[in-house]
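Good morning, and thank you for joining this short presentation. Please take a moment with the sequence and the model before we go through them together.

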Amino acid sequence: MADVAALAGVSSQTVSRVVNARSNVDSDTRDRVLAAMDEIGYRPNSAARALKSGRFSTIGVIMFTLSSFGNMRTLDAVAMAAAQAGYSITLIPVTRPTQGAVTGAVTRLAEQAVDGIVIIMEAHMLDRIDVTVPTGLPVVIVDSDAGSRYTVVDTDQTEGARLATQHLLDLGHRTVWHIAGPESSFSAGRRTASWRNTLKAAGAPVPPVLEGDWSAQSGYVHGVTLAADPLVTAIFASNDQMALGVMRAMHEAGRGLPADVSVVGFDDMRESGEFWPPLTTVHQDFAQVGRLCMEKLLRQIDSPGASVPGTTIVPTHLVVRGSTAPRLRNVGDFRDMP
């Protein structure tokens, strides 16, 4: 660092400010210091800086399943927010949502020297009712019902499902069929409960729940069954991928979208507007989830013991596109539902 300072014609303190990305250095000085670092081949020693400051500038992320769209968007949002705050990410996926797997992942991250942990765990624990996190590190949990004990950030699953269901009822559909996510999922459970409560509040019949696994294939399988029933005119799928499978099944059965059947999804994938017809869906602000996770985690890191249990909810909203329309009435409407 002294060699860099001499070459750049600045003090060692100025070099330190540049290395630590402080803002109180003018651009010309910063450029001279960076050029000197490059010429000498100087690289900051993060281990030495961590020993001096007690900070490792690394956030651990524990996550179950990398295949879920929501999980991946949340991970991306957390990583971007961490990078903007000057932190890197260490990811540990767990193959099964069990207490032992989470405890083991926390232990591994503690050994790798992280400043805090974000847990993206939208699945119920297989061996416990709730996840329990070993003490000693700041923790924020995404998509969980653990708000009574931990800091939790989640999107408004309940309001999103209500908006989707109510939208279809307001279009004149007698009821709304639902293709749910897996029973093990927190978010799927909240969406299903909200769909059911919205139908009951409207005095509409409540059809049996069809359980999918988030994949387009599971949506297609249930869509084939629903396409064969002329009374099915409105479907709320618990994510956009299952909605895509439903739409394929309707097309193959010759049922028009949205003339015969209206379909709503959940997530608002980037591709949802390119489906045919473009998909009406519930938008989740994953970027805001990531920002809030880092904001709350950094607060705990900066003020040890500042963790405040509770759930922060990020609003969801309905994006209306071409896959929904008013119901066309016909004689079959008066047949009793099973």
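**A pairing in the sheet**

I begin with one pair of residues: Met-63 has Pro-93 as its bridge partner in E2. Please keep in mind that this is a predicted model.

Which residue of E2 is the bridge partner of Val-61? The partner of Val-61 there is Leu-91. These pairs belong to a parallel arrangement in which 7 bridges join strand E1, residues 58-64, to E2. Strand E1 is also joined to strand E3, residues 116-120, by 5 bridges, and these two strands run parallel as well. Within that pairing, Gly-60 has Ile-117 of E3 as its bridge partner.

Let me now place these strands in their sheet. The sheet is open, has 6 strands in the order E2-E1-E3-E4-E5-E11, and shows parallel pairing. Its edge strands are E2, residues 88-94, and E11, residues 310-314, each of which pairs on one side only. On average, neighbouring strands of this sheet are turned by 20° against each other, with direction ignored.

Is strand E1 mostly covered or mostly uncovered? Strand E1 is mostly covered, with 7 of its 7 residues buried. This holds for both faces: Thr-58, Gly-60, Ile-62 and Phe-64 are buried on one side, and Ile-59, Val-61 and Met-63 are buried on the other.

**The surface**

We turn next to the outside of the chain. Its accessible surface comes to about 15,700 Å², and 54% of this belongs to carbon and sulfur atoms. A nonpolar patch on the surface is formed by Leu-66, Met-72 and Leu-91, which together have about 230 Å² of accessible area. Leu-91 has already appeared as the bridge partner of Val-61. Met-72 sits in helix H5, residues 69-84. Met-72 counts as partly exposed because its relative accessible area is 35%, which falls between the cut-offs of 20% and 50%.

**Backbone details**

Some places in the backbone deserve separate mention. As a general point, most residues other than glycine have a negative phi, and most peptide bonds are trans.

Where are the cis bonds that I wish to show? One runs from Leu-257 to Pro-258, with omega near 5°, and Pro-258 is in the loop between helix H10, residues 240-252, and strand E9, residues 262-264. Another joins Trp-276 and Pro-277, with omega about -5°. Pro-277 is in the loop between E9 and strand E10, residues 281-284.

The loop between E9 and E10 also holds Asp-268, which has a positive phi of about 60° although it is not a glycine. Asp-268 counts as buried because its relative accessibility is 13%. Ala-113, likewise not a glycine, has a positive phi near 60° and lies in the loop between helix H6, residues 99-111, and E3. With 22% relative accessibility, Ala-113 counts as partly exposed.

**The whole chain**

I close with the chain as a whole. The chain has 338 residues, of which 50% count as buried, and its secondary structure comes to 11 helices and 12 strands. Of the contacts with a separation of 6 or more, 72% are between residues 24 or more positions apart.

One example of residues distant in sequence is Arg-327 and Ala-259: they are 68 residues apart along the chain, and their C-alpha atoms are separated by 7.4 Å. Arg-327 is found in the segment after strand E12, residues 316-319, and is buried, with a relative accessible area of 13%.

Key. Residues numbered from 1 in each chain as written. Predicted model: local features only at pLDDT ≥ 70, side-chain atom pairs only at ≥ 80, totals over all residues. Heavy atoms only, no water. Pairing = 2+ DSSP bridges. Helix = DSSP H or I, 4+ residues; strand = E, 2+ residues; numbered from the N terminus. Axes fitted to C-alpha atoms, helices over the stretch in contact; angles between N-to-C directions. Buried < 20%, exposed > 50% of the residue type's maximum accessible area, 1.4 Å probe, protein only. Contact = heavy atoms within 4.5 Å. Areas by Shrake-Rupley, 256 points an atom, 1.4 Å probe, with all protein chains shown as cover. Patch = residues over 30% accessible without salt bridge, like charges linked within 9 Å, V, L, I, M, F, W, Y side chains within 5 Å. Salt bridge = Lys/Arg side-chain N within 4 Å of Asp/Glu carboxyl O.
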